[in-house]
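Student: I would like a close look at a single part of this model. Pick one residue pair, then work outward from there.

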Amino acid sequence: MPFRSGFVCILGRPNAGKSTLLNALVGEKLAIISPKPQTTRNRIQGIVHIPKRKGKGGGQIVLIDTPGVHKPDSSLGRKMMVEVREALEGCNLVLVIMDVTHKYDPRDQFALDLVKQSGTKTFLLLNKVDLIPDKARLLPLIEEYRKLYDFSEVIPISALRRNGLDLLLDLVMAALPAGPAYFPEDQVTDQPARFMAAEIVREQVLLNTKEEIPYATTVIVDSFEEGAKLTRIAATIYCERGGQKGILVGKGGQMLKKIGTAARVQIERMLQMKVFLELYVKVHPGWRDSRGFVEELDWRRQLEHRMHEQGAKAER
């Protein structure tokens, strides 16, 4: 049997379970997760390595997690939807994930319209079936969804409980063409550790703050110095107003300390070494509507700038 490989885009409305699915399939935490909508802001690649088995040639699935599909109302929102459309371009298969605990609404239709425009083979994943006690309710639901679009497969799953994921992987592999391995066997993501550290800090902001704070904040790593036994990281949490900064810092700096401590533990687990994490909070009024600032949040752009700076230093 030939080695199969390809790019698989995960698409859906906010909080449908896309990032949970990515992490479950890869077997590692690559994407941050929170109960708040629009947690994912960039497309994230996770690589699943399928070993050779009896009668099967093995393969490699490059999963692309995308921001939740929504109608953008800011530069940040527009950038997130650009990430979605770029992920759809050139992929071999789309996994549209729907939350069975929510009624179908215009946000789901928006995601479906993007799939129709792409014309790519699509599987429908009905997620969170573990929350439906009466499984007989799924049958009419499946029939309703089949009327909306000609899905190649409709698969009930629970990304959180890992129910149905073995079947999903088998069906995805069968749908991919014969091809090469795009990544080494020991690589599970294209994200640099620097970006993942920033996301871990942002995750703790999401989990520890309420109301508008999570949506008005972003994180940029200012320095990342990895030594033999210790990695030193300095990062800035940006918000839009002075009042938000006060909440993020907290009385006597307690909130910032709480965020930093929890983030440091996770970063140490990721890097498998001790970490010294220094956090700052700065006010950047209206950053979500600043196209230039939003573009600089893309880790690919940040990497290009650092490579350019390193090249300039080498020439001096």
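Tutor: Start with Glu-203. Its relative accessible area is 2%, so Glu-203 is buried. Keep in mind that this is a predicted model.

Glu-203 has a charged partner. Lys-29 forms a salt bridge with Glu-203, and their closest N and O atoms are 2.7 Å apart. Glu-203 sits in helix 6, while Lys-29 belongs to the loop between helix 1 and strand 2, so the contact ties together parts that are 174 residues apart in sequence. Lys-29 has 41% relative accessibility and therefore counts as partly exposed. The search of the whole structure finds 14 salt bridges.

Next, look at the sheet beside helix 6. Strands 7, 8 and 9 form an open sheet in the order 7-8-9, with mixed pairing. Strand 7 (218–226) and strand 9 (274–283) are the edge strands, each pairing on one side only. From one strand to the next, the twist averages 15 degrees. Strand 7 and strand 8 (residues 230–239) run antiparallel and are joined by eight bridges. One bridge pairs Ile-220 with Thr-236 of strand 8.

Helix 6 (residues 193–208) packs on this sheet and touches strand 7, strand 8 and strand 9. The direction of helix 6 makes about 135 degrees with that of strand 7. Helix 7 (residues 242–249) packs on the sheet too, touching strand 8 and strand 9. Its direction makes about 155 degrees with that of strand 9.

The UniProt record, an unreviewed entry, carries the annotation "domain: KH type-2" for residues 209–285. Over residues 209–285 the chain is 34% helix and 38% strand, and the end C-alpha atoms are 19 Å apart.

Two further salt bridges deserve a look. Glu-212 forms one with Arg-241, with the closest N and O atoms 3.2 Å apart. This pair links distant parts of the chain: Glu-212 is in the loop between helix 6 and strand 7, and Arg-241 is in the loop between strand 8 and helix 7, 29 residues apart. Glu-212 is partly exposed, with a relative accessible area of 29%. Arg-241 also counts as partly exposed, at 46% relative accessibility.

The other joins the side chains of Glu-268 and Arg-264 (3.3 Å, N to O). Both lie in helix 8 (residues 254–271), and because they are four residues apart, about one helical turn separates them. Glu-268 is buried, with a relative accessible area of 15%. Arg-264, at 27% relative accessibility, counts as partly exposed.

Now go back to the Lys-29 end of the first pair. The loop that holds Lys-29 lies between helix 1 and strand 2. Of the 31 residues in the largest nonpolar core, those touching the most other members are Leu-21, Ile-61, Leu-63, Leu-95, Leu-125, Leu-168 and Val-172. Helix 1 (18–26) and strand 2 (44–50) are among the elements that each supply at least two residues of this core. So is strand 3 (59–65).

Strand 2 and strand 3 run antiparallel, joined by seven bridges. Gly-46 has Leu-63 of strand 3 as its bridge partner. Strand 1 pairs with strand 3 in the parallel sense, over seven bridges. Seven of the seven residues of strand 3 are buried, so strand 3 is largely enclosed by the rest of the structure.

Terms used: Residues are numbered from 1 along each chain as its sequence is written. This is a predicted model: local features need pLDDT of at least 70, side-chain atom pairs count only at pLDDT 80 or more; totals for chains, interfaces and linings use all residues. Side-chain values use heavy atoms; hydrogens and water are left out. A nonpolar core is a set of buried Ala, Val, Leu, Ile, Met, Phe, Trp, Tyr and Cys residues joined through side-chain atoms within 4.5 Å. Buried means under 20% relative accessible area, exposed over 50%, partly exposed in between (1.4 Å probe, protein chains only). UniProt positions are given in the numbering used here, feature names are shortened, and annotations may be inferred rather than shown by experiment. Two strands pair if DSSP finds at least two bridges between them. Axes are lines fitted to C-alpha atoms, for helices over the stretch in contact, and angles run from 0 to 180 degrees between N-to-C directions. Contact means heavy atoms within 4.5 Å. A salt bridge is a side-chain nitrogen of Lys or Arg within 4 Å of a carboxyl oxygen of Asp or Glu.
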